[in-house]
Amino acid sequence: MSNNYDLIIEKAKEFFKKEIVPSHIANTKKLTKLKQFNLNPFLDKYKASFLTGNDDPKSIAKALVYPRVLGTSINTTFGNKLQKFCSEVLEGFASTTSGIDIEFIDKLDGRRKYCQIKAGPNTINKDDVETIKGHFAGVKNLARTNNLNIGFNDLIVGVFYGAPEDLSGHYKKIAQEYPVIIGAEFWYRLTGEEDFYQRLTDAIGDVASEYDGSELMEKVINSLAKEIEQSLDPKQLDLEVKEVADGKGTYDV
């Protein structure tokens, strides 16, 4: 069985190379234009100064690009690819039950678990809580109809990464009715290997070490900085004001 779990790690690495990295690079390349950002004139210069000690155009560009590339962009990509991860990497656990992502025999209690997969401890919102509960209610009804032995603890939410103390209030609301299993414990229950979570994250880290995005980041930041410099040009601002005064420009009320 261990070889099957080694296969999960290999598939996860391939998935990361094939799905996550190309999307991340493509999304990074888009960030050369100011229109990709929701600028906040009250905070952008402050954030630039806080980051680099000055608020020149390149510093502002860095303050805009870094959080997007290293935070929002990659997290969104991972979240959007989660179902595909389940179907490709965890295909051996695929479920045919409506509203359930995977099914597996829990290596702790030996019972079949019907599991909805989520990415991390803060990746659901208020509406998701009712959707998750609705799916589980459907499974319970199905179990009654088909006389299946599905207990309260057999309907679970599995969270790929994080620790119990990291779970948001939305997860805690679900946990009042259904177990929420997160991070190392989830992967242990799935595989029976105590160090599987560490092995899996290390493997993804190995993939990441093959990619150096520093040159791309520098190119994007320099390009964005030029656009910021133009937008801050007093002559450009005077022209925009004049166009509005002459009725040729537009402005938001």
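1. **The buried side of α5.** In this predicted model, helix α5 buries Val129, Ile132, Lys133, Phe136, Val139 and Ala143. Viewed down the axis of α5, these buried residues stay within an arc of 115°, so they line one face of the helix. A lysine, Lys133, is among the buried residues. What do they pack against? The partners are β2, β3 (155–159) and α6 (169–175).

2. **The other side and the length of α5.** Asp127, Glu130 and Thr145 are exposed, on the face turned away from the buried side of α5. The helix covers residues 126–146, which is 21 residues. From first C-alpha to last, α5 reaches 31 Å. That is close to the 30 Å expected at 1.5 Å a residue.

3. **The two ends of α5.** Which residue caps the N-terminal end of α5? Asn125 does: a side-chain oxygen of Asn125 lies 3.0 Å from the backbone nitrogen of Asp127. Just after the helix comes Asn147. Asn147 is not a glycine, yet its phi is positive, at about 55°. Asn147 sits in the loop between α5 and β3. Is Asn147 buried or exposed? Its relative accessibility is 71%, so Asn147 counts as exposed.

4. **Asp154, in the loop between α5 and β3.** Asp154 belongs to the loop that joins α5 to β3. Its relative accessibility is 2%, so Asp154 counts as buried. The side chains of Asp154 and Arg111 make a polar contact of 2.6 Å. Setting aside neighbours within four places in sequence, Asp154 is in contact with Arg111, Arg112, Lys113, Tyr114 and Asn149. Check this spot against the hairpin described next: Tyr114 appears there again as a bridge partner in β2.

5. **The hairpin of β1 and β2.** Strand β1 spans residues 102–105 and strand β2 spans residues 112–118. In which sense do they pair? They are antiparallel, with 4 bridges. One pairing to look for is Glu103 with its bridge partner Tyr114 in β2. The two strands form a hairpin, with 6 residues between them. In the turn, Gly110 has a positive phi of about 75°. Strand β2 is also one of the elements that the buried residues of α5 pack against.

6. **Ser95, ahead of β1.** Ser95 is in the loop between α4 and β1. At 16% relative accessibility, Ser95 is on the buried side of the 20% cut-off. A polar atom of the Ser95 side chain lies 3.0 Å from the backbone nitrogen of Thr97. Apart from neighbours within four places in sequence, Ser95 is in contact with Ile100, Asp101, Ile102 and Glu103. Glu103 is the residue whose bridge partner is Tyr114.

7. **Helix α8.** Helix α8 runs over residues 196–208, 13 residues in total. It reaches 18 Å from first C-alpha to last, close to the 18 Å expected at 1.5 Å a residue. Which residues of α8 are buried? They are Phe196, Leu200, Ala203 and Val207. Down the axis of α8, these buried residues fall within an arc of 60°, so they line one face of the helix.

8. **Two loop residues between helices.** Thr32 lies in the loop between α1 (2–29) and α2 (44–52). Beyond neighbours within four places in sequence, Thr32 is in contact with Val220, Ser223, Leu224 and Glu227. From Thr32 to Asp128 the C-alpha separation is 34 Å, with their positions 96 residues apart in sequence. Lys81 lies in the loop between α3 (57–80) and α4 (82–88). Lys81 touches Phe15, Glu19, Ile20 and Ser23, not counting residues up to four places away. Its C-alpha is 21 Å from that of His170, and the two are 89 residues apart along the chain.

9. **Confidence.** The protein averages a pLDDT of 88, and 91% of the residues score at least 70. Where does the pLDDT drop below 50? One such stretch is residues 236–245, with 8 contacts in the model beyond near neighbours in sequence. Residues 249–253 are also below 50, and that stretch has 4 such contacts. Where pLDDT is low, the predicted coordinates should not be read in detail.

How values were computed:
Residues numbered from 1 in each chain as written. Predicted model: local features only at pLDDT ≥ 70, side-chain atom pairs only at ≥ 80, totals over all residues. Heavy atoms only, no water. Pairing = 2+ DSSP bridges. pLDDT = per-residue confidence, 0-100. Contact = heavy atoms within 4.5 Å. Expected span 1.5 Å × (residues − 1). Buried < 20%, exposed > 50% of the residue type's maximum accessible area, 1.4 Å probe, protein only. Arc of directions from axis to C-beta. Polar contact = N/O pair within 3.5 Å; in protein donor to acceptor, adjacent residues only side chain to side chain.
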